[in-house]
Amino acid sequence: MATIMNENERFHLKIKKGDVGRYVILPGDPGRVPKIAEYLDDAVQVAQNREYNIYTGKLLGEKVSVCSTGIGGPSAAIAVEELIDSGATTFIRVGTCGGVDLQVSGGDLIIAEAAIRAEGTSYEYLPQGYPALADFEVTSALAQAAKEIYENKNVFGNYHVGVVHSKDSFYGEVNPEGSAVGDNIKSRWDSYLKSGCLASEMECAAIYSVGLVRGARHETRRIRCGAVLTALWNAERSKRGLDDTICNDTTRGIKCAVRALEIIIANDAEQEARYRAYMNENR
């Protein structure tokens, strides 16, 4: 049977098994990949195609990759699918968002423990009503990393752990009046605000949904996903005339993701060592 798929090379990412590590950081912007790769040892570009720019290096001696996803759920889901197929198991999205909850200000970090599925991609993976949840270990590591960052007295702002809103239309949120279903958009937005939604972005629901479903299919391999987002600003604070900050610097979020991976890698190594010791003792 004819096929456009190459069993040795992933169709979109143009990578092969061995090109990427178990651990992957997922920015949206391809231009941000080299910046993140600077935090790794001996990082090199292994592929670039379309919106996908991929570098692989090492962190604490473990192979770690950075792969951009582009904008939105469909391209993010493709990246995660093909990375899983290439051996990756742990993903941290590092991106940006707009604040929703009034406690969030521009420059704050948001750790997304779950995502509202207000987009379309997740419905190709999960049934209606099933939540798009982050992995607890990844979320905990991100929260620990964020706490360490903000314990520095010279670092201003805050970090928040909670639910984010994932959408498909950036301008549907920014300018709902320009949509034929603007009233519906505004009504749903108000309900998210009243429910304590922290921020709005475009990829978490898709990434988490792929991880949940693909992880469930592996008997011995769990797929772990999480996300740390930098709030660019807060539209709700601006509407109310409250003080807010516009922040375009994602450095703090990148440092949080890298530190969280260090925590995860160290924990994984400890658990694997304990397992090997147990197996040796019980042979």
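**Figure 1. Helix α8 and its buried residues in the predicted model.** Eleven names make up the buried set of α8: Gly253, Ile254, Cys256, Ala257, Val258, Ala260, Leu261, Ile263, Ile264, Ile265 and Asp268. The helix covers residues 251-281, 31 in total. From first C-alpha to last, α8 reaches 45 Å. That is close to the 45 Å expected at 1.5 Å a residue. An α-helix has 3.6 residues a turn, so residues three or four places apart point the same way. Among the buried residues of α8 are Ala257, Leu261 and Ile264.

**Figure 2. Helix α6, largely enclosed by the rest of the structure.** Helix α6 spans residues 204-216. Its end C-alpha atoms are 18 Å apart, and 13 residues at 1.5 Å a residue should span 18 Å, so the two values agree. Eleven of the 13 residues are buried, which is why the helix counts as largely enclosed. The buried residues are Cys204, Ala205, Ala206, Ile207, Tyr208, Ser209, Val210, Gly211, Val213, Arg214 and Gly215.

**Figure 3. The largest nonpolar core.** This core holds 37 residues. Leu83, Phe91 and Tyr208 touch the most other members. At least two residues each come from β1 (23-26), β3, α2 (73-85), β5, β6 (109-118), α6 and β10 (224-234). Helix α2 gives the largest share, six residues. Another core, of 33 residues, lies apart from this one. Its members include Ile25, Ala141, Val258 and Ile265.

**Figure 4. Contacts of Phe91.** Neighbours within four places in sequence are left aside here. Phe91 then contacts Val24, Leu26, Val80, Leu83, Ile84, Val138, Ile223, Arg224, Cys225 and Gly226. Leu83 in this list is, with Phe91 and Tyr208, one of the residues that touch the most other members of the largest core.

**Figure 5. Arg93, a buried arginine in strand β5.** Strand β5 runs over residues 90-99. Arg93 has a relative accessibility of 3%, under the 20% limit, so Arg93 counts as buried. Its side chain makes a polar contact of 3.0 Å with the side chain of Glu201. Beyond four places in sequence, Arg93 touches Leu26, Gly28, Glu201, Glu203, Cys204, Ile207, Gly226, Ala227, Val228 and Leu229. Of these, Cys204 and Ile207 are among the buried residues of α6.

**Figure 6. Lys167, a buried lysine in strand β8.** Strand β8 comprises residues 159-167. The relative accessible area of Lys167 is 5%, and Lys167 is buried. A polar contact of 2.7 Å links its side chain to that of Glu173. Residues up to four places away in sequence aside, Lys167 touches Ala118, Glu119, Glu173, Ser200, Glu201 and Met202. Glu201 also makes the polar contact with Arg93. Asp135 is 32 residues from Lys167 along the chain. The C-alpha atoms of Lys167 and Asp135 are separated by 20 Å.

**Figure 7. Thr56 and its polar contacts in strand β3.** Thr56 sits in β3, residues 52-59. At 9% relative accessibility, Thr56 is buried. Its side chain has a polar contact of 2.7 Å with the side chain of Ser65. A polar atom of the Thr56 side chain also lies 2.7 Å from the backbone oxygen of Asp19. Neighbours within four places aside, the contacts of Thr56 are Asp19, Val20, Asp42, Ala43, Val44, Val46, Lys63, Val64 and Ser65.

**Figure 8. Two aromatic pairs.** Tyr150 and Tyr159 form a stacked pair. Their ring centres are 6.0 Å apart, with 25° between the planes. Tyr150 is buried at 14% relative accessible area, whereas Tyr159 is partly exposed at 24%. Phe170 and Tyr171 form an edge-to-face pair. Here the centres are 5.0 Å apart and the planes stand at 85°; planes over 60 degrees apart count as edge-to-face. Phe170 is partly exposed, at 38%. Tyr171 is exposed, at 61%.

**Figure 9. Charged side chains over aromatic rings.** Lys14 lies over the face of Phe11, 5.4 Å from the ring centre. Arg117 lies over the face of Tyr123, 4.1 Å from the ring centre.

Note on methods
Residues are numbered from 1 along each chain as its sequence is written. This is a predicted model: local features need pLDDT of at least 70, side-chain atom pairs count only at pLDDT 80 or more; totals for chains, interfaces and linings use all residues. Side-chain values use heavy atoms; hydrogens and water are left out. Rings of Phe, Tyr and Trp (its six-membered ring) pair if their centres lie within 6.5 Å; planes under 30 degrees apart count as stacked, over 60 as edge-to-face and the rest as tilted. Buried means under 20% relative accessible area, exposed over 50%, partly exposed in between (1.4 Å probe, protein chains only). A charge sits over a ring if NZ of Lys or CZ of Arg is within 6 Å of the ring centre and within 35 degrees of the ring normal. Helices (H or I, at least four residues) and strands (E, at least two) are DSSP runs, numbered from the N terminus. Contact means heavy atoms within 4.5 Å. A polar contact is a pair of N or O atoms within 3.5 Å; within protein, one must be able to donate a hydrogen and the other to accept it, and residues adjacent in sequence count only if both atoms are side-chain atoms. The expected span of a helix is 1.5 Å times one less than its number of residues. A nonpolar core is a set of buried Ala, Val, Leu, Ile, Met, Phe, Trp, Tyr and Cys residues joined through side-chain atoms within 4.5 Å.
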